[in-house]
Amino acid sequence: MYKYASYGEINPAIFQIVTFPFLYGVMYGDWGHGMVFFVFGIVLCLSESKLRKSPALEGLLVSRYFWLMMGFFSVYMGLIYNEFFSISQDFFGTCYDLKSASSGRVMPTDGPRTTCVYPFGLDPTWKISVNNLTFQNNIKEKLSVIIAYTHLNLGILLNALNCVYFGNYKKLVFEVLTGVVIFMGLIGYMIVLIYGKWWYPVYAYEPRPDPTIKNQLNISTSPSIIVVLIGDVMGVTPLAEPNSKQL
């Protein structure tokens, strides 16, 4: 998508106006730093007529809307990550009992099988967790895969529309459609596994399960998405069941 369009093709720059600042916000997600960019973009947009009188600022004014949108999406993603200059803010009240922190493990206020969900963004109590970095990296990694998958599908769709417009049906069949089958069959299947893992009720705060008992509903028994994906392609996981030994 990030190239100059040929004559008559769909111009991807129209979509880049939104996707580039959004992807920047996903990477930069901090609503404190993002607010600085957002205000800077507002100043550039509102003071354009005055600032344009200075030749030195002409290059900066060209990117004024990018500064504005990058700041906006950084604020939005920063609120989701609950990051304000790397400090979490408790806007809605945490779902965890902070009085239990002295015991070495912070428990949900309504017990192990909690149904409490922080209304918007990440619960601020995760900041004092010993596995905070592992948890956040895991969430951000999965979100990045989903966003990248959606973004690449948009590029494939534009390529397909260009093929139809120019009547290049050979490229449409042997490049675009075959690419869609392979791409959706592998990465699309991984996206389904990600959502399936999120939606499946795993109670992370119950006692550690007995390792001798199989098929327990616990976070420690949750399968790895990458292992399941590779195993299914190779035909060596229970989902594929190529043989009785499951080599």
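V181, I182, L186, I226, I230, V233 and M234 make a nonpolar patch of about 710 Å² on the surface of this predicted model. Two elements, α7 (169-199) and α8 (225-234), each give two or more residues to the patch. The biggest giver is α8, with four residues. One residue to look at here is V233, which sits in helix α8. Is V233 buried or exposed? With a relative accessible area of 53%, V233 is exposed, because anything over 50% counts that way.

Now for the charged side chains. How many salt bridges are there? The count comes to three, and here they are with their N to O distances:

| Salt bridge | N to O distance |
|---|---|
| E48 and R52 | 2.7 Å |
| R64 and E48 | 3.2 Å |
| K127 and E83 | 3.2 Å |

Take the R64 and E48 pair. R64 belongs to helix α5 and E48 to helix α3 (residues 48-51), so this bridge ties together parts that are 16 residues apart in sequence. R64 is buried, at 12% relative accessible area, whereas E48 is partly exposed at 22%. The other partner of E48, R52, is also partly exposed, with a relative accessibility of 40%.

The K127 and E83 bridge spans two loops: K127 lies in the one between β2 (107-108) and α6, and E83 in the one between α5 and β1 (96-97), so the pair links parts that are 44 residues apart in sequence. As for exposure, K127 is partly exposed at 33% relative accessibility, while E83 is buried at 9%. Shared partners also join E48, R52 and R64 into one salt-bridge network.

Over to helix α1. This helix covers residues 13-28, so to speak 16 residues in a row, and reaches 22 Å from its first C-alpha to its last, close to the 22 Å expected at 1.5 Å a residue. Which residues of α1 are buried? They are Q16, T19, P21, Y24, G25 and V26. The cover over these buried residues includes α2 (31-46), α5 (64-81) and α6 (132-166). Helix α5 thus turns up twice: it helps cover α1, and it holds R64.

Finally, a word on confidence. The protein averages a pLDDT of 82, and 83% of the residues score at least 70. Where does pLDDT stay under 50? That happens over residues 239-247, for which the model has 13 contacts beyond four places in sequence.

How values were computed. Residues numbered from 1 in each chain as written. Predicted model: local features only at pLDDT ≥ 70, side-chain atom pairs only at ≥ 80, totals over all residues. Heavy atoms only, no water. Expected span 1.5 Å × (residues − 1). Buried < 20%, exposed > 50% of the residue type's maximum accessible area, 1.4 Å probe, protein only. Contact = heavy atoms within 4.5 Å. Patch = residues over 30% accessible without salt bridge, like charges linked within 9 Å, V, L, I, M, F, W, Y side chains within 5 Å. Areas by Shrake-Rupley, 256 points an atom, 1.4 Å probe, with all protein chains shown as cover. Salt bridge = Lys/Arg side-chain N within 4 Å of Asp/Glu carboxyl O. pLDDT = per-residue confidence, 0-100.
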